[in-house]
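Here is a walk through the sheets, the enclosed spaces and the ring contacts of one protein chain. Have the structure open while you read.

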Amino acid sequence: MAKKRPQTKAGRPQRSDGEIPVVGAREPCPCGSGRRYKACHGRAAAHAVTELVQRPFEGVPGECDWVALRELVPAATVELKLKGGLPEGVPSVTLATVLPMAWPALRRDDGSVLLGLQNDTPSGDISRDLADTLQRALEAAPGTPVQARRAPADGPRMQDLLDAEGAFEPVVHTGFEFWVPDPENAAPDVAASLERANAAAIPTVKLTGVDAAYWCETPDKNHLRWVMPHPEEQLLDALARLHAAGRSSLGEGTRLVGSFRAHGLTVPVWDLPSGVSAEDVEKPAAEFGERLAAALASDAPLTADERRARGGLTNRQVTLS
């Protein structure tokens with residue numbers, strides 16, 4: 001048998017990484033390797049886009065409220081402040097929990113922009129996807145919804161577009177009438193979407209005395225869900241200290257039942273009797289905040305009772321994202 005001639009790549013000049021253009025995933029890689037782009041230089045670009053960012057809203061004003069509006073609050077809006085101000089012809093940019101028919105964004109007839117937060121995103125970086133959607137919405141024709149797409153791996157994030165000094169002040173609504181200037185004369189598909197959304201919305205109120213705490217009403221009981229910025233392990237230790245000492249409740253009939261983990265932050269949850277309103281829990285929540293601050297400051301080892309309390313809280317923790 002004739003010997004196979006060894007293959008060589010000597011005749012294939014290869015480009016440096018900085019010179020590699022983006023081509024189709026199945027096309028030959030422009031570097032000259034002979035492999036398809038997706039198996040060569042395209043792998044790094046794909047990984048950069050799909051890699052999960054554990055804390056996507058870190059560094060934006062009101063990070064805890066961003067998490068709450070993304071995961072917990074049915075209907076809310078926030079006016080956004082952009083670096084350098086708004087482009088000409090754009091009177092306002094408003095972040096909204098949900099938009100009609102789950103649009104990622106909408107450029108209204110008057111040129112204003114609505115940006116939807118509770119949408120599935122095609123990459124692992126919600127912040128980059130939102131920034132890409134916002135940039136396209138700012139340039140869209142008035143009266144045009146913006147569709148989802150995969151954001152460029154090197155595109156900006158919301159941290160790059162937002163004014164870091166701008167206030168983030170959510171307004172919680174009882175329904176989704178903020179979708180349209182004149183709900184009574186909305187298009188049939190928008191009106192149908194509005195009716196379905198209003199029917200499914202859980203009554204929710206943002207507390208005024210503490211940051212990022214939201215009361216909600218359900219048929220059987222009410223709840224308080226409070227997004228906190230503290231490191232998870234430190235917060236769980238502090239909650240365990242208070243729980244073991246019988247100081248973790250928000251008043252008679254209330255109970256700290258566990259927590260959510262969402263976008264890199266921890267969200268303790270309390271069950272409240274159905275008769276306890278948001279107003280009723282304002283003062284107890286502020287008092288709990290003071291107890292929590294003292295517990296967070298402690299670096300003493302957990303006692304046996306506190307370790308048991310911590311284990312119970314950890315076992316009842318649910319990851320939302």
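In this predicted model, let's start with an open sheet built from 6 strands, which come in the order S7-S8-S9-S11-S10-S12 with mixed pairing. Its edges are taken by strand S7 (204-206) and strand S12 (317-319); each has a single partner strand, so one side of each has no neighbour in the sheet. On average, neighbouring strands here are turned by 25° against each other, direction ignored.

Zoom in on the S12 edge. Strand S10 (residues 255-262) is joined to S12 by 3 bridges, and the two run parallel. If you want a residue to look for, Ser259 stands opposite Gln317 in S12. Packed on this sheet is helix H6 (residues 232-244), which touches S10, strand S11 (265-272) and S12. The direction of H6 makes about 25° with that of S11.

Now for the other sheet. This open sheet of 6 strands also has mixed pairing, and its order reads S5-S3-S4-S2-S1-S6. Strand S5 (144-146) and S6 are the edge strands, each pairing on one side only. What joins S5 to its partner? Strand S3 (residues 105-107) and S5 share 3 bridges and run antiparallel. One spot to check is Leu106, whose bridge partner in S5 is Pro145. Strands of a sheet can pair either way, parallel or antiparallel, through backbone hydrogen bonds.

A helix belongs in this picture too: H3 lies across strand S2 (93-96), S3, strand S4 (113-116) and S5, and runs at about 160° to S4.

H3, which spans residues 126-139, turns up again once you look for enclosed space. A search of the whole structure finds 2 cavities of 30 Å³ or more, and here is how they line up:

| Cavity | Volume | Nonpolar lining residues | Polar lining residues | Charged lining residues |
|---|---|---|---|---|
| Largest | about 120 Å³ | 6 residues | 4 residues | 5 residues |
| Second largest | about 50 Å³ | 5 residues | 1 residue | 2 residues |

Which residues lie nearest the centre of the largest cavity? Of the 15 residues in its lining, those are Pro104, Asp120, Thr121, Asp129 and Thr133. H3 gives the most to this lining, with 5 residues. So the helix that lies across S2, S3, S4 and S5 is also the one that gives the most to the lining of the largest cavity.

The second largest cavity is lined by Pro61, Leu80, Lys81, Leu162, Asp163, Gly166, Ala167 and Phe168.

Keep an eye on Phe168, as it leads to the aromatic contacts. The whole structure holds 7 aromatic pairs. One of them is a stacked pair between Trp66 and Phe168, with 5.1 Å from centre to centre and 20° between the planes. Why does this pair tie together parts that are 102 residues apart in sequence? Trp66 sits in helix H2 (residues 63-71), while Phe168 is in the loop between helix H4 (158-161) and strand S6 (171-172), so the pair links those two parts. That makes Phe168 a residue with two roles in this tour: a ring in the stacked pair with Trp66 and part of the lining of the second largest cavity. The loop that holds Phe168 leads to S6, which is an edge strand of its sheet.

Notes:
Residues are numbered from 1 along each chain as its sequence is written. This is a predicted model: local features need pLDDT of at least 70, side-chain atom pairs count only at pLDDT 80 or more; totals for chains, interfaces and linings use all residues. Side-chain values use heavy atoms; hydrogens and water are left out. Two strands pair if DSSP finds at least two bridges between them. Helices (H or I, at least four residues) and strands (E, at least two) are DSSP runs, numbered from the N terminus. Axes are lines fitted to C-alpha atoms, for helices over the stretch in contact, and angles run from 0 to 180 degrees between N-to-C directions. Contact means heavy atoms within 4.5 Å. On a 1 Å grid over the protein atoms alone, a cavity is a set of points where a 1.4 Å probe fits but cannot get out, and a pocket is an open set with protein on both sides within 12 Å along at least five of seven lines; lining residues have an atom within 4 Å of a point. Grid points are joined across faces, edges and corners, and a volume is the space filled by probe spheres set on the points. Ala, Val, Leu, Ile, Met, Phe, Trp, Tyr, Cys and Pro count as nonpolar, Asp, Glu, Lys and Arg as charged, and the others, Gly among them, as polar. Rings of Phe, Tyr and Trp (its six-membered ring) pair if their centres lie within 6.5 Å; planes under 30 degrees apart count as stacked, over 60 as edge-to-face and the rest as tilted.
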